Amino acid sequence: MEKNEKAGYDRRGFLKGSTAFAGVAAAGTLLPGGLALAQSGKVKVGLMLPSTGTFAGLGAAITNGFKLAIDEHGGKLGGREIEYFVVDDESNPAKAPENANKLVQRDKVDIVIGTVHSGVVMGMAKVLKESGTLWINPNGGAGAMTGALCAPNFFRSSFSNWQTTHALGRVLKSKGHKNAVFITWKYAAGQEMMQGFKEGFENEGGKLTKELYVPFPQVEFQALLTEIASIKPDAVVAFFAGGGAAKFLKDYQAAGLKGKIPLYGAGFLTDGVLDAVGDAAEGVETTLHYADGLDTKKDNAFRLAYAKAYKLQPDVYAVQGYDAGQLFAAGMKAVKGDIGNRSGMIKAMESARIDSPRGQWTLSKAHNPVQDMYLRKVVGKENKVQGVAWKGLADPARGCKA
Ligand code: PHB
């Protein structure tokens with residue numbers, strides 16, 4: 001039997017069938033009418049994340065972080081247990097609408113948590129705008145989700161692509177770099193991070209002299225590294241992530257560029273990959289909304305709990321998953337488990353102040369985190385914090401009418 005048939009409620013918690021009614025009665029629900037129905041039973045959480053492909057590790061860290069936050073609430077939110085429905089989106093934009101519909105139409109989840117890849121985010125946005133299903137995005141930075149496509153039910157616990165590289169302009173300027181080359185995958189995330197950097201660097205009087213792209217998820221960098229060697233820019237800025245980032249860092253070193261042309265990046269370049277790259281990343285400086293060595297009470301507690309639960313050190317993806325859980329918990333607490341109280345959920349979530357391992361953050365009008373961007377430097381196996389590159393950076397939310 002499909003899980004959605006068992007539950008007997010639609011997304012807003014309305015009763016659908018007589019077998020479902022028997023289940024509620026047997027459970028001994030005492031409150032009358034819709035309130036009882038809306039607040040009883042498990043809350044259905046759809047996890048749409050990659051568990052295969054170059055971003056598989058990112059999906060795993062997000063899942064771990066999310067479940068840790070829920071476990072810290074005793075596995076229940078607003079008094080209700082959580083039931084998970086999982087879809088591997090393969091970081092494949094072409095399958096995104098179909099995969100989102102598995103959760104929305106087939107499983108009838110109350111909320112969707114996902115995903116990593118910006119192209120898949122765009123496919124999800126179409127489905128979730130139409131269905132109105134609550135959505136927390138724990139990574140994918142596609143600007144449109146909290147820009148032109150922004151919607152009351154769309155929330156992000158992560159970043160916009162623009163945010164992750166914008167502060168790098170200041171950083172490069174402070175190092176005396178006057179020109180730079182940007183290298184990335186040719187898809188929304190890479191292009192938007194390039195744009196965020198370009199604006200930030202040009203505001204400081206710098207010049208982006210060349211944009212270099214490889215198709216996603218290819219990792220054949222040799223020809224472009226040869227081109228960089230011949231251009232000889234003051235600096236190289238890169239966005240790759242997961243397996244692709246590890247390969248790029250190793251290839252940059254093998255091409256003899258490490259130590260010759262300084263390498264910078266969106267922090268994803270060096271997050272979650274340091275165990276895999278030997279000393280290829282040593283000294284690379286990046287900007288991101290998380291770093292190692294923050295040494296705050298919240299971060300220390302989180303890192304300890306994560307290491308205990310999973311025998312792993314957390315990274316930025318784990319933090320974003322954890323904060324998605326915290327944001328969801330804030331909503332569920334306010335509505336006392338009645339997730340069908342949509343306006344109550346939205347109001348509580350949009351006004352939440354999240355006590356995150358990254359530092360406290362709130363949401364912009366478009367529901368994107370307003371957060372500090374750290375400057376980090378790879379030292380051994382850590383993305384060691386160097387300072388705050390931009391305090392309280394907000395995405396411009398271009399095109400959002402919210
Ligand atoms: C994205 O596609 O938006 C994306 C993917 C991986 C990252 C960051 C952004 O590490």
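This passage describes the ligand surroundings, the nonpolar cores and one strand hairpin of a predicted model. Residues are numbered from 1 along each chain as its sequence is written, and side-chain values rest on heavy atoms, without hydrogens or water. Local features require pLDDT of at least 70 and side-chain atom pairs pLDDT 80 or more, whereas totals for chains, interfaces and linings use all residues.

Around the ligand stand 17 residues (a heavy atom within 4 Å), of which Val116, Ser118, Gly141, Tyr187 and Tyr317 come nearest. Polar contacts (N or O atoms within 3.5 Å) link ligand oxygen atoms to side chains: the distance is 2.5 Å for Tyr187, 2.6 Å for Ser118 and 2.7 Å for Tyr317. On its own the ligand has 280 Å² of accessible area (Shrake-Rupley, 1.4 Å probe), and the protein covers 100% of that area.

The largest nonpolar core (buried nonpolar residues, under 20% relative accessible area, joined through side-chain atoms within 4.5 Å) has 100 residues. Helix H13 (residues 316-334) supplies the largest share, 10 residues. Phe239, Phe240, Phe248, Phe268 and Phe328 have the most contacts inside this core. Leaving aside residues up to four places away in sequence, Phe239 touches (heavy atoms within 4.5 Å) ten residues listed here as Phe182, Ile183, Thr184, Trp185, Tyr187, Ala189, Gly190, Met193, Ala266 and Phe268. Another core, of 20 residues, lies apart and includes Ala96, Val104, Val120 and Ala151.

Strands S14 (residues 369-379) and S15 (residues 382-393) pair (at least two DSSP bridges) in the antiparallel sense over 8 bridges. Leu375 stands opposite Gly387 of S15. Their hairpin has 2 residues between the strands, and Gly380 takes a positive phi near 60°.

Conventions. Helices (H or I, at least four residues) and strands (E, at least two) are DSSP runs, numbered from the N terminus. Buried means under 20% relative accessible area, exposed over 50%, partly exposed in between (1.4 Å probe, protein chains only). A polar contact is a pair of N or O atoms within 3.5 Å; within protein, one must be able to donate a hydrogen and the other to accept it, and residues adjacent in sequence count only if both atoms are side-chain atoms.
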